[in-house]
Structure formats: C-alpha cells, structure tokens
Amino acid sequence: MRVVGQRIRKKDAMQLVTGKPVYMDDVAPKDCLIVKILRSPHANALIEDINIATAMKVPGIEVIYTWKDVPNVRFAQAGQTYPEWSPYDRLILDQHVRFVGDAVAIVAGENEACVDRALKMIKVKYKVLPALLDYHESIDNEILVHPEDNWESLYPVGADNKRNICSHMEESHGDLEGTFADCDIVLERTYHVPAVNQAMMETFRTACYIDTYGRLVVLSSTQIVYHVRRILARALGIPQSKIRSLKPRIGGGFGAKQTVVTEIYPAFVTWHTKKPSKLIYSRYESQIAGSPRHEMDIRVKIGADKDGTLRAFDLYNLSNTGAYGDHGPTTAGLTGHKSMPLYTGNMEAFRHVFDVVYTNTLATGAYRGYGATQGIFALESLVNELADILHMDPVELRLKNVVREGMVMPAYFNEPAASCRLDECLVRAAEMIGWKDKYPCRDMGNGKVRSVGIAMAMQGSCISYVDVGSATISLNEDGSYRLAIAAADMGTGCDTILAQMAAECLEVSVDEIFVSGADTDSSPYDSGSYASSTTYITGQAVVKAATELKKRICTLAARMLECDVDDLEYDGHVAKDIKTGKSVTLQDIGFKAQCFNDLALQVTESHTSPVSPPPYMAGAVEIELDKETGHVEILDYAAVVDCGTVVNPNLATIQVEGGLGQGIGMTLFENIQYSDKGVLRNNSLMQYKIPTRRDVGTLRVEFKPSYEPTGPFGVKSIGEIVINTPAPALAQAIHNATGGYFRDLPITSEKIAMYCLEHENE
Amino acid sequence: MIVSIQLNGKKIVDDISPDMTLFKFVREHGCYSVKCGCETTNCGLCTVFFDGKPILSCAMLAARADGHRVETLEGLQKEAEEFGQFIADQGAEQCGFCNPGMIMNAIALFRENPEPTDDEIKRYLAGNLCRCSGYEGQLRGIHAFMEYKKQGGAACE
Amino acid sequence: MLKIKEYVKAESLEQAYELNQKRTNRIIGGMLWMRMSDAQIQKAIDLSGLGLDQIEETEDAFILGCMVTLRQMELHEGMNAMCGGLIRKSVEDIVGVQFRNLATVGGSLVGRFGFSDVLTGLLVLDTYVELYKGGTIPLAEYANMKRDNDILVHVIIKKTAGRYAYQAHRNTKTDFPVLAVAASMVDGKVKAAVGARPQRARLYLADAPTQEAAEALAAAVVTGSNMRASAEYRSHLAKVLLKRAFAEIREKEEQ
C-alpha cells in the first residue's frame, strides 16, 4: 500500500506546534457573555429558596437562571446513540442537588469579574438531606438519589430509581457451578478501581452564538457533535433544525468529551438572550464536576485445573455511577465482555453480573477503556495470582489459555476472533522485557528489588449493531478532494488517518485531500469518536465513498473521452482510453463536473457493523522498587499490540505510549479522596497527580498486526485498549518485588512500604 | 494602571487592572498560543519568556512585567517551526494543547544547554505536563532535533 | 479569585515596610501560592525593583536577596559547592523550571509552608534571615516565629565546612514531598531538619550521624496525616530518610 501504513505527519501538526489559534477559546466570538455555574456545597440537598435579586444588581450581569427557569424535561448527558442506555435523570438545573458541585444556578455577565461577584451574592437556602456516599450501601438504601417520578430509563437495562439502581444485568454460558465443582482450584478475589479523571489538558468548554437564520450555534470541545445537537434539542425543547453543533481543534478528550458536560449551560443562555456566550470550566470544575471513570468493585472467581487449564469464570462488578447515570449501564457491561474473552481457549462456562448504583458523589462518564480497564485489572491480576499458586510461569499459563485466531468467543457475544495474534504479542512482550532472565525479581542489595510483571488486554473496535460512521468525499474543480466527516479528531489524528485511507483508494497523496468537520451543518452523520470506532467504522465509510467516487470519476472520464469505461486506464491523476491513447486529467474531470454535468462527483456513504473485532495487546513492565520508601521506579515498559493493520505507525505508537502513561498514572499516583461530607479533595493538578515525564520510565512499542477481514484495509482499533495493561502488570511486578497482592488502586508508595514493614521478618 | 511591556519585540502600552495576570495580558494582545491548563501552577501550558527566562505567565502579574521583555511562541515562529517539525514527525504533538508551552520551554533548554542528556531534558521539561503522548514521542522528537542541529541544522529533512 | 486593588512597585524598603503595616496590604513574592488564594488585597507591594534578586558572595557568607529565585539557588555553583549540592537537591524537584524561575527564597521562607523543601534544606545550614526591622536572626528562630509585618530582606548563609545530605520522598517526582530530610555535620555536630511532616520543618540535633542516632531522632519526629500520606507512613519515612541522610554524611568527604 502506498499511503496506508506510512508515517505521515498529522494534517494539523505544524499549526499545532507553532501555536496557532485553533481551539475553542481562540476562535470563539470576542464579545461572549461569560457563563459560570453556582455549585452546591452539599452532597444531597433541596433548594428551599434561592434569591438572585442582589446578584442581578451587579453591573454587567446579563442574566441568572435557577431551577425555576428551566424546562422540567429530563435527559441524559451521555453522548450515546438514541435510545440511550443511560437514564434520563438530569434537568438543566434541578431543585434537588445530588453531589458537592452539582449545578445550582447559571450566571452570565459581560466579564469574569462581575460574574464572580454575582456568584457570591446569590443567596441559597438549602434543606440539607442525609447523603449516600458509600456505594456499597446504595441498593435499597432509604436515601434515594433519584426519587423523582419523571426519571426515565429508555432501554431495558434493569434500572430502578426507587432502589438506587441505574442498571442490573446478568449473562451466563455453560454449567458454571458444575465446572467450578470439577476444577482443581477455585480462586475468588475482589479488586477496586477509583473514579480517576481523564485530565485532558484542555478543560471542558463551549461557546454559543446565534447565526444568520436565528439558529443556535454550539461551538464546543466535543467528541460527539451529533449527539450534542440531539441532547440539546431535547433539553432546550427546540427542534434539531434550530441547532448547529461543531467542534474546533480539541485539546484532548479520552472520553471525557463524550458527555455533554458544559454545552447545555451556554446553550441555554444564548438561546434565551440571543447573545453569544461561553463557558470554560476551570481545572477545579473539571475535576469535581466532570465525567470520570466509574469507580468499581470487581469480584472475580476463576476455576482451573492443576495444569493451568482455565475453565470457569464468574465476574461481578458493583459500579458507582455517582449522582447521575451517564454511561453507567454500558461501562459495566464492558467489565465482563472485554476481560473474560481473553481466556476463550479452554473456557467452559462463565457468568457476568453487574449492578450500577447511584450515590451522592460526582457523576461519572466515559474514560478510555470504559469499564474494560477495571475488569482487566481484576482478571489479569487474579490470573497472575493463580500462576503463583500453581508455580507456573504467568506467560506459559496465559499461552495455554489465550484466545486464538478462529475461535468463537462465548463471552463476547459469540463473535469470532477473526483476526488475533495475541499469543505472539505475549511472547514478544516477554522477550522485549527479558522475562526469562528477570522473572520474578532480582535483589539489588540496598533495599531495592527489580522485578517484572505482565498482562494482556483487549477492547472493541466499535459498538456493534449501533455505531454509524459516514464520509462525504467530493472532487474539487482543480482535482483536489474534500473529505467531510463528523468523527472528531481530538489529537488522535483521525483526520489524517481517514485521509490516508481515502488517498489509498483514490490513488492520490494525502496532501491532495483536505478534511473538514465535525459540523452538523456540513458533515454527514457520525455517532462520533468514541468506543475506539473511528478508524474501523468511519474508515470503512471512507473506503466505500472513495470507491464509489472513483467509479463515478471514471464514468465521467469515459463520457469525456467518448469511450467505454472498460477501456479506461486510470492512475489517480490521468484517465486514458487505451484504444485511442487519448486522455483527460483529474483536473479536466473536475472542471467538467462543474459544467453541463449531471453526475455528482460527491459521494456520501455510511457504515455500521454487526461485530466489534477486538484489538489485543500484551504489556510487560520492569520496575525497581524501594522496599523502605515503597517507591516504584518504572525502568522499562514493553507493549506489543495487535490492532490489525497499522494505518499510521507514528500515530498508533503515540496512542500506545499515551495510554500507557495514563494507565501508569491511575495505577500508582492518581487518587480520589472524599471528605466525610462528600467533598472531593483531589480537585486540581496540584492534588491530583498525573505523571510527569520523569514518572513514566522508558516506553517501548511494537506491533503484531493481524488482518481483520471486516475492517478497512484490515484495521481494528487502538484508542482505548492501550490503557488497560499497566494496572495488572504493575501490580504483578510490585507483588514479585514484595510478596504482597495489591488489589486497590492506586498502589501508592505508602501502601507498598507499609506492607513491606509489616512483613519485614517473613 | 498604565504599563508598558515589550511583547514579542513590540512595545505595548495598556491600561490594565492591577490584578491582571500576564497570561491574560498576552492573550488579550493576540498571543493565543499561550494556554491555561490549571489554576495551580502545575501544567506549564502558560509558559512565556520573561526577560528571556521561561516562567508561568498565570502566576505573574502583568503589572510586574512593566518595563520588561515578554516573548510568546508568536514571537518565536521560526524556532517553533524548526523544532516543532521534529515533534510533528513523531506525531507527538497529538492534541497540541500543551505544545506551545512545551516548545517554549524546550527552546529555553537548548539556549541554556544545547546538548542535554536525557535526564537533563526530562528534568528541564518536567513542569510541562502532557496527557496525550506519554512523553516518549516528544523525547524521540527532541533526539531527532538534536541530531539535526549536530549535522549543522539544515540537511536532515 | 485573588483580587488586587492597587499595585505598588516599592521604591524603598521603608516605603514597602510602611505599606506592609496595613493588614489588607501584602508583599508579593513569586506569587505562586498567593495566586491560588481568594484574598482581597488592597495594595500589592512588589519588591522586584529594589535589586534584591542577587546572590552576593562575601568572604564568609552567601547573601541572598529575598527576591532571589529557587532556580538561581539551584544553579549557583559557589553556594552549591559549599554545601555539597544540598541547596540544589532541595529545590530541583519543585514542579519545574518555569515555576522555580518565579518562586523566591523570601516567599518560601515567609510562608513557612509545611511542605517547604527550601526551609528544610536551609535549616541545616548556618542560615540567618535579615529582617528590615527585626535585625538578623537565625533561620530556625524565624521559622518558629508567628508571621508578622516585617520584611525579610536577605537570607544569609554562612560558609561552613561540613558534610551535607538531602533526602525526600515524593509520590510523583515533582510533587510536594511526603517527607523531606536535610542533614549536616559541622565540627562533629549533627543537625537534621525534617520537613513536610506535614507540618513545617523542625530542626533536631544529634551527637553523631549513626544509625542509632537516626532512629532515636526519628522517634522524636512528630508527624501527621494529610492527603498525601498517613502519620504512620511519615514516621516510617522519617526513620528511613534520616538513616539514609546520616549514611550519606558518613560516606561523604568533608566539603
């Protein structure tokens, strides 16, 4: 292939590295009203009285809205295809506030100073209610997070707001109890993952204004322009035709911006005042009122024979969705669907049960990995523990049981593993880290131990039977192309990757294609960029559109040359009649398309998929652990990924490295600590420590590309899977250095040192 | 209050509020490369040069910059492009939001120490957070840039 | 958000001192901590025009103006040679270069921050602070004084031949320390400062840099809990880091 598989610079790269103004706050109208949110200091309270009279008198204040001013129509903020699995449990502003940081009032004014002043002058009388802070006590608790009658669940996910249940689902296969009873060894452990934050460098933000036609334009840092439009239309009670939703460059998303976190507030202000407005969340707000990962307890039980044959799996996860149910039911499903199938090899029976429950803590959302991360941490850690008990090498144990190409995966909707080189990923990652020599550990003297750990991971490549990706490709008069998409490049490089695919099909260079989007007025429908789906789903739409367009170009060329299409030789730039030797250039065709022509050289195609082929990977880490301080120094991280065909090795590599960085952060440093009143204390980058470049060690990435028959050019996905191996691999390395099993993230140096201290004399 | 600040070589006289930060000042004067990623001086996105030294513009009063030289990436476009292409060649710019701050600080690093070791690079840039790249690609880009500089600066396209 | 009504670039220390007597007025240092406060300041007093941003070396001391940045301290060769790099080690992990180009020695000491590496490091050196009205007093004494309206003008570090060590544990490499330990041995006398307990650094004395002395000292260190760690872990770290610091001192040549 000429273009697919090449290390091509991102189309926006030079603009970004030279600091050009391309982000929301750089391009928003300059005369925007500043919008800010008054937030609840209580975890659970009713607003008895709210007085805005004094605040309204602050010079420069345009408007203040309270719960009395908004429609009583509930909606979900989760950016999901309709009908969403997430419950309709939110109002724009509610009389009932459900977590510390929940929205109480919207204030808009001509500058930040006056808005800040007004925020302080709004007088709110709260009836403080007892708060439900412990998710283990949610189900059937007398405190109801959502007692309201107009709470609604559109999809049968087992939700019951009168029991604090956002979702309950069960799935099983085979004779679970019988198989467990027949196994030589059965292990059961519980793991915990906190509600870690995406912490993308650009916080949540949206600007709104009214266009020529009196429509609401929503310029937002979002991954999901179409879902934004649908959600806002419902929440504001206006037709979708009255809304245009578009994104500029996005300063990182990682799933955070798959939720309509900020959009509704300036949208409400602008729709009612008809004035431009913008809301930029502070880092503080992004931390305390964003859309982090679902906190979960994951209880896993596995049954195996003495020779390491893994036969039965039982996984239960209790997921804390916080005050609102966005992404609650769907994330919890992935915890099982994207962990257990790794061990399809000898699987005889499995069961997956989950509860997703409400509490008065911050609402959660979508974060890279989306539930799979939690499940993989639990299952992979338990398999490592089993290897210890069986005195087997964890790599050998896995090779005995992994899913291999051609197998059908009962725990993954009975989908086939049509493309899978997981076993080779595992062997190569072990080789890269020097597993044979280094497993399990080496004492370096001076209280320091070097040790290794390993884990596998999988994810999906879309939401099967749901996601829709589309592409419009058109030929410009001069022979260049336009590719319009509503998938959202959030730094991932999908604009470039999709252009590479189009260029491959159209036999041109990437530079001859410009990419536009995402804009609901001009881009064809796309679910948006999430669920790792853009390369796999939208990519196939691009291939379809490019193929059809090329056909039409040839048809028009044949008309111009007055020959049969079958006699045409086309190389991407020149069409030649092989019989006469006459030819026309792509530019000639482009101009012809604009003159006395009825064959549109513009094609829109959509794609969807009944399967979601998993990418696979293995990650192996070497650490040096200081047994006295508990400090973990990452020396080397080797990752080998099967993401199908690698479209752009540069961008795929960075995806892996970035995901490893985030995975390392959530494993070792990123902590979520609440006060006993439900106040989140990790509310800044000073108190929520994401890794610096001194904390991640050396990251090394290789690929073992399989060929996925359902993907464009054989691709699968890479965006999410890459965050899943650090937690179990590091936990194992830490175990190998200390003897302790750490099942509660983050594994801080304190936990390690205190464990070592207690077991000093063993 | 009236201040006179030399911003990217141009003298700017402006009437500002005493609590205006330098960050706000430079953005209001069109230097949009300067970003804000936190309120707690942790992220490095707002890095500018103050009398030639890299500082966090979110933590300095514009008033204090009165009579001083301030530079942003807008004033260092040639250097940004020269260095930035090596980041771009790795795809390590990713979302790009942290890039101007990181690139400003990398320029500062190379001015102080043209041939830093990996440890020196990591220490100097430790105050520039990036959530997309895992930092490894940035390091590869820096290595490639150093190699290009060693070769004389032009040939290594 | 921090609000400032008026900005005054002080023309003399006397003017700055007089302005600083009013409770609503504040001297600004590097602004790194102050910017996060919600304070309403009447007059922000800036000392940056008074030439207090220099490190001056005399025959027997290094004299640092209060506006000297942590980065200047980190890079000052003579001063670091004198103390075996203790000063560099104590500041080089603080956030990043851009931060340390702003943070001042004066601001760090006046704040008497619990987490302060700077205070911890300087406590084991023969350090004095020169106050505008209060005269020159040992840093250890100053650290325990209540915050007042005087101005810290200079920090004076006396040149002393000795052995020095700095040990800290951080959750991430550039975070506040979970615990920080500085130690010195001058003329056979051992001093150790333990900071980020999480309360402000305190100075302890020992007869010799032995493991036993480290353990005894550690047992006397009062620790507390905060977001970063529990008191128990800090007490454990105190023992570990004091032992390491003392071992470093034993192994080191006299500077």
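How many Å separate the centres of domain 1 of chain B and domain 2 of chain B, taken over C-alpha atoms? In this predicted model, the answer is 21 Å.

**Chain B and its two domains**

Chain B splits into domain 1, covering 2–74, and domain 2, covering 76–150. Where the two meet, 16 residues of domain 1 of chain B are in contact with 15 residues of domain 2 of chain B. On the domain 1 side, strand 3 of chain B (residues 47–50) gives the most, with three residues. Sorted by class, that side of domain 1 of chain B has eight nonpolar, five polar and three charged residues.

**How chain A meets its partners**

Now for the contacts between chains. Chain A and chain B each put 43 residues into their contact. Helix 17 of chain A gives the most to the side of chain A that touches chain B, with nine residues. Helix 1 (13–17) and helix 8 (283–288) of chain A are also among the helices that supply at least two residues each there, as is helix 17 (649–668).

With chain C, 19 residues of chain A are in contact with 14 residues of chain C. Here helix 19 of chain A (residues 749–758) gives the most to the chain A side, with five residues.

The class make-up of the two sides of chain A goes like this:

| Side of chain A | Nonpolar | Polar | Charged |
|---|---|---|---|
| touching chain B | 20 residues | 14 residues | nine residues |
| touching chain C | five residues | seven residues | seven residues |

**The sheet in chain C**

Chain C has an open sheet of three parallel strands, in the order 1-3-2. Strand 1 (3–9) and strand 2 (26–28) of chain C are the edge strands, each pairing on one side only. On average, neighbouring strands of this sheet are turned by 35° against each other, direction ignored. Helix 1 of chain C (residues 13–20) packs on the sheet and touches strand 1, strand 2 and strand 3 of chain C. The direction of helix 1 makes about 165° with that of strand 3 of chain C.

Strand 2 and strand 3 (residues 40–46) of chain C run parallel and are joined by three bridges. Take Ile28(C): its bridge partner in strand 3 of chain C is Asp46(C).

**Strand 13 of chain A and its neighbours**

Back in chain A, is strand 13 (residues 295–304) mostly covered or mostly uncovered? Mostly covered: eight of its ten residues are buried. Strand 13 of chain A pairs with strand 8 (residues 185–193) of chain A in the antiparallel sense, over nine bridges. One position to look at is His192(A), which stands opposite Asp297(A) in strand 13 of chain A.

Strand 13 of chain A also runs antiparallel to strand 14 (residues 310–322) of chain A, with ten bridges joining them. Gly303(A) stands opposite Ala312(A) in strand 14 of chain A. The hairpin of strand 13 and strand 14 of chain A has five residues between the strands, and Gly308(A) takes a positive phi near 95° in that hairpin.

**A helix pair in chain A**

Helix 9 (residues 328–337) and helix 10 (residues 372–390) of chain A pack at an angle of about 30°, their axes 7 Å apart. The crossing of these two helices is right-handed. Helix 9 of chain A makes the contact through Leu334(A), Thr335(A) and Gly336(A), and helix 10 of chain A through Ala372(A), Gln374(A) and Gly375(A). By class, the residues of this contact are two nonpolar, four polar and no charged.

Notes:
Residues numbered from 1 in each chain as written. Chains lettered and ligands numbered in written order. Predicted model: local features only at pLDDT ≥ 70, side-chain atom pairs only at ≥ 80, totals over all residues. Contact = placed C-beta atoms within 7 Å. Helix = DSSP H or I, 4+ residues; strand = E, 2+ residues; numbered from the N terminus. Nonpolar A, V, L, I, M, F, W, Y, C, P; charged D, E, K, R; others polar. Pairing = 2+ DSSP bridges. Axes fitted to C-alpha atoms, helices over the stretch in contact; angles between N-to-C directions. Left-handed = near helix turned anticlockwise from the far one by under 90°. Domains from an automatic or database assignment. Buried ≥ 20, exposed ≤ 12 C-beta atoms within 10 Å, placed from the backbone.
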